[in-house]
Amino acid sequence: MKKKILRCAIYIRVSTWEQAVHGKSLTAQKEYLENYAEQHGMYIMGVYADEGQTARRELKKRKAIHALLADVKAGLIDVILFWRMDRWFRNVADFYKVQDILDAHQVRWIDVGEPNINMETRDGRLSLNLALSIGQNEVDTTSERIKFTVDNTIKNGGVVFGDENLPTGYKIGIIDGRKRVVKNEEEAPIVEEAIRLLRTYHNKRYAMIRIQETLDENFSYMKLKSIINSEFYIGKYRDNLNYCPPYMTPEEQKSLQDLLKTNIKSTPSGRIYLFSGLMRCPLCGQRLVGIGKNSIINRKTGEKRTYCYYRCNRSLIDHICKYAHCMSQNLIEDYLLKNIGLEYEKYLVRCQVSQKAMESKKLKKSPEKIRTELERLNLLFQKGRVSYEYYEKEYTRLEAELSAIEIPEPPKAPADASYLETVLSSNFESIYAALDAKNKQSLWKNTIRQIYLTPESQISHIDFL
């Protein structure tokens, strides 16, 4: 009686490094296993290849293995052929995860190049576990060597990737006979313009569209996000603080990130909210959001006027805040135009008063010393060396001392007060009137840090940048 023809799957794998060094190509493995299947009368159901993948890599990243297991679960495979165990797995835990699936569907495997390794005999299982453990150790050792080499290369400013992996604005160049990451002169204007637009308008979408229209039609939001967040643009990569030429300092990038925390959202109608992100609800602290509509003010001419307001969505949508007022943009704008100089003077006075309070406060104990005493008191109580009554009394006393001496950080004076003072000393209202809505918005965003409101919807005070 003839034996049943076995349906086999051929699994082949090679990492880029192995193929380059040892010539363990996918083609060679495939031909070797196809010959074996033909000699043993097996029918090949498919060839499953993981190219450029290490057998130590996470199982979820080996796509061919998942495709093979899907066919196993579908009942299409009787036996799996691979060249050597290190082609199949070098990770003990992942091997047994897959083996559980094979056992559940009564599928076996054959290590064609190492017939002494199998699951059927005691010696075969011993050889299997030794091969897996040795393979895993070899890969881990190699990985450590590679990591050391890469870290050392980066430390010395060397290149560990190709041009295609570098962010916009950089390329690989030669300096003193060595490959280095340098600025890409063709792309540098794109990066510089992106930074300028973000600083000026605080609007990521607007910056992206402007660059697409003027410099690079393929410029994407992900590229813009990289400019904002990637350490490359401050010249840093991993632990090397001077890895490549920077486009901005760390302080400038941090400042840019802080500005964009209140990124101005673009509305479908194109309506521009001048004070977006500059006000919070006086009751719950939620940022006020802009709402508005266009209304006809002259039926004969069809002239329209835009009305913009700011509201707390926690109140009007979620109903978990009691602040139901809507702040009129026109009223805020009128107030600022009339009182911006006075508000700025009051702000500088607040800065001076707070700073003097900090300097004149003579502390018998520093906050750090009191916190140390609190930690020591906790330790004594945990070890049972003081009673609960003593612990409670002392903890309350120290906590009160700490609250009494801790002073909130004073308002920050503008980094460059001369800018605002120059603007205010000129004909501010005339200059402002000549601006379009987008530049009015930019002016306020680059001048004011926050507008504080009272529960009665009055402007309490203003902090400046």
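The legends below describe close-up views of a predicted model.

**View 1. The whole chain, a predicted model with 17 helices and 11 strands.**
The protein has 465 residues, and 38% of them count as buried. Its accessible surface comes to about 27,800 Å². Carbon and sulfur atoms hold 51% of that surface. Take the contacts between residues at least 6 apart in sequence: 60% of them join residues at least 24 apart.

**View 2. An open parallel sheet of 4 strands.**
The strand order is S2-S1-S3-S4. Strand S2 (43-51) and strand S4 (108-111) each have a single partner strand, so both stand at the edges, with one side left without a neighbour in the sheet. From one strand to the next, the twist averages 25°.

**View 3. The pairing of S1 with S2.**
Strand S1 covers residues 7-14. S1 and S2 run in the parallel sense and are joined over 8 bridges. One residue pair to look for is arginine 13 and its bridge partner in S2, aspartate 50.

**View 4. Helices H2 and H3 against the parallel sheet.**
Helix H2 (residues 26-39) lies across S1, S2, strand S3 (79-82) and S4. The direction of H2 is at about 160° to S1. Helix H3 (residues 63-73) also packs on the sheet. H3 touches S1, S2 and S3. Between the directions of H3 and S2 the angle is about 155°.

**View 5. An open antiparallel sheet of 3 strands.**
Here the order is S7-S8-S9. Strand S7 (289-298) and strand S9 (327-328) are the edge strands. Each of these two pairs on one side only.

**View 6. The hairpin of S7 and S8.**
S7 and strand S8 (residues 303-311) pair in the antiparallel sense, over 9 bridges. Isoleucine 296 stands opposite lysine 304 in S8. Valine 289 faces another S8 residue, arginine 311. Between the two strands lie 4 residues. In this turn, glycine 302 has a positive phi of about 75°.

**View 7. The crossing of helices H8 and H9.**
Helix H8 spans residues 204-214 and helix H9 spans residues 221-229. Their axes come within 10 Å. They cross at roughly 115°. The crossing is right-handed. On the H8 side, the meeting residues are Lys204, Ala207 and Met208. H9 brings Tyr221, Leu224 and Ile228. By class, the H8 contact with H9 has 5 nonpolar residues, 1 charged residue and no polar ones.

**View 8. Helix H17, a mostly covered helix.**
H17 runs over residues 437-445. Of its 9 residues, 7 are buried. Three of the buried residues are lysines: Lys438, Lys440 and Lys445. Gln441, Ser442, Leu443 and Trp444 are buried as well.

Definitions and conventions:
Residues are numbered from 1 along each chain as its sequence is written. This is a predicted model: local features need pLDDT of at least 70, side-chain atom pairs count only at pLDDT 80 or more; totals for chains, interfaces and linings use all residues. Side-chain values use heavy atoms; hydrogens and water are left out. Buried means under 20% relative accessible area, exposed over 50%, partly exposed in between (1.4 Å probe, protein chains only). Contact means heavy atoms within 4.5 Å. Accessible areas come from the Shrake-Rupley method with a 1.4 Å probe; for residues, only the protein chains shown count as cover. Two strands pair if DSSP finds at least two bridges between them. Axes are lines fitted to C-alpha atoms, for helices over the stretch in contact, and angles run from 0 to 180 degrees between N-to-C directions. A crossing is left-handed if the near helix is turned anticlockwise from the far one by less than a right angle, and right-handed if clockwise. Ala, Val, Leu, Ile, Met, Phe, Trp, Tyr, Cys and Pro count as nonpolar, Asp, Glu, Lys and Arg as charged, and the others, Gly among them, as polar.
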